[in-house]
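Here's a guided walk through one protein, taken at an easy pace. Pull up the viewer and follow along.

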Amino acid sequence: MPARHAALATAVALVWGVNFVVIDIALDAFPPLLLVAVRFTLVAFPAVFFFGRPGIGWRWVVAIGATIAAGQFAFLFVAMDRGMPAGLASLVLQLQVFFTVLLAMVTLGERPRRLQLVAAGIGFAGIAVIATGRGADVPLLACALGVGAALSWAVGNVCTRKAQAPRPVELLVWTSLVPPLPLLGLSLGFEGTGAIGDAWAALDLGSIAALAYLVLASTAFGYGAWGYLIRHNPASQVVPFTLLVPCVGIAAAWIALGEVPNAAELAGGVIILAGLVLNAWAGMRARRPLSATAPVAAAPSRAA
């Protein structure tokens, strides 16, 4: 992976780490399913009228929109609404690293280098250390929904890699058309017909700023850059950068929400950072042309 791609991946991870605190703030005004629907409505409109089609088949647009957008955030927002703390949510979601690497090996034929596997092991060891220090009081349903969010994101990562969309920004805009109507229907069914009125009545400057962050920083920048990185690098090299997200998420939750990290969380964060450094170094050593590491890219007919 080129150094500039590593820097971009790090910036995305920082934005997404802070994002968990922002979600917690936004959930004070919006019920979770409605929040996802509003978020992606604002991402899609009016941008869809100014950006052309993403250059891939509609089945990939729907698949990516249903997994990375609708599935991941519906599970995540409901998990946090049901009692999962912001810092812990940032940690559980990183199970997507394991899911993505496994799915990429099975479906894309990607084979991580030995040092990358060692780095991933170090990263997961850090997550295990953090997990030992918290989470005992979190409802089981919230934990299960968090794992579901991670799995949905991982499936979307593989779909993005296989689709090979030539225009990541257009892909982001058009896949954002997928969540609003289904999730609005689910919101009306599960959260009640008064949810929309109650949400708008509860809006204040803080919740408006949180919604703007979700739309512009986390989604427009974060997922636009993420799609670009996944398209130009093997998923097994890009995805481990998100191990930085729980470090930022826990720190941000500590500062903004008073979720004080314990010794296990601090130690685990240092271990995760060590794994990230090793993974980035291994990725730069193993840099090869895309065609040598991604056989799917040589078969555009499969992304039609």
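**A walk through the helices**

Start with Q164, which sits in the loop between helix 7 and helix 8. What you have on screen is a predicted model, so take the backbone details here as computed ones. Q164 isn't a glycine, yet its phi is positive, near 50°. For another backbone detail, go to the peptide bond from F45 to P46: that one is cis, with omega near 5°. P46 belongs to the loop between helix 2 and helix 3.

Now for how the helices sit against each other. Two packed helices are described by the angle between their axes and the distance between those axes. Take helix 3 (residues 58–81) and helix 8 (residues 168–175), which pack at about 70° with their axes 9 Å apart. That angle makes helix 3 roughly perpendicular to helix 8. The crossing of helix 3 and helix 8 is right-handed. Which residues touch? From helix 3 you get W58, V61, I64 and G65, and they meet L171, W174 and T175 of helix 8. Sort the residues of this contact by class and you find 5 nonpolar, 2 polar and no charged.

The next pair is helix 5 (residues 95–107) with helix 7 (residues 140–163). Their packing angle is about 35°, and the axes lie 8 Å apart. The crossing of helix 5 and helix 7 is right-handed. On the helix 5 side, L95, Q96, F99, T100, L103, A104 and T107 take part, and on the helix 7 side their partners are V147, A150, L151, W153, A154, V155, N157 and V158. The contact of helix 5 with helix 7 comes out as 11 nonpolar, 4 polar and no charged residues.

With the packing in view, look for the empty space inside. How many cavities of 30 Å³ or more does a search of the whole structure find? There are 3. The largest cavity holds about 160 Å³ of space. It is lined by 14 residues, and the ones closest to its centre are I64, I68, L172, T175 and Y223. You've already met two of those names, since I64 of helix 3 and T175 of helix 8 are part of the contact between those helices. Helix 3, helix 8 and helix 11 (205–232) each give at least two residues to the lining of the largest cavity. By class, that lining has 9 nonpolar and 5 polar residues, with no charged ones.

The second largest cavity contains about 80 Å³ of space. Its lining has 13 residues, and W16, F20, Q72, L93 and Y223 lie nearest its centre. Y223 should ring a bell, being among the residues closest to the centre of the largest cavity. Helix 1 (3–26), helix 3 and helix 11 each supply at least two residues of the lining of the second largest cavity. Which element gives the largest share? That's helix 1, with 4 residues. The lining of the second largest cavity splits into 9 nonpolar, 4 polar and no charged residues.

Pockets come next. The largest pocket has a volume of about 230 Å³, and P32, L33, V78, D81, R82, L141, L145, L186, F190 and E191 line it. At least two lining residues come from each of helix 2 (32–44), helix 3, helix 7 and helix 9 (180–190). What classes of residue make up the lining of the largest pocket? It has 7 nonpolar residues and 3 charged ones, with no polar residues.

Finish at the second largest pocket, with a volume of about 150 Å³. Of its 13 lining residues, V97, V101, L117, A120 and F124 lie nearest the centre. Two elements give two or more residues to the lining of the second largest pocket: helix 5 and helix 6 (114–131). Helix 5 provides the largest share, 5 residues. You saw helix 5 earlier, packed with helix 7. In the lining of the second largest pocket, 10 residues are nonpolar, 3 are polar and none are charged.

Methods: Residues numbered from 1 in each chain as written. Predicted model: local features only at pLDDT ≥ 70, side-chain atom pairs only at ≥ 80, totals over all residues. Heavy atoms only, no water. Axes fitted to C-alpha atoms, helices over the stretch in contact; angles between N-to-C directions. Parallel < 35°, antiparallel > 145°, perpendicular 65-115°, else oblique. Left-handed = near helix turned anticlockwise from the far one by under 90°. Contact = heavy atoms within 4.5 Å. Nonpolar A, V, L, I, M, F, W, Y, C, P; charged D, E, K, R; others polar. 1 Å grid on protein atoms, 1.4 Å probe; cavity = no way out; pocket = protein on both sides within 12 Å on 5 of 7 lines; lining within 4 Å. Points joined across faces, edges and corners; volume = space filled by probe spheres on them.
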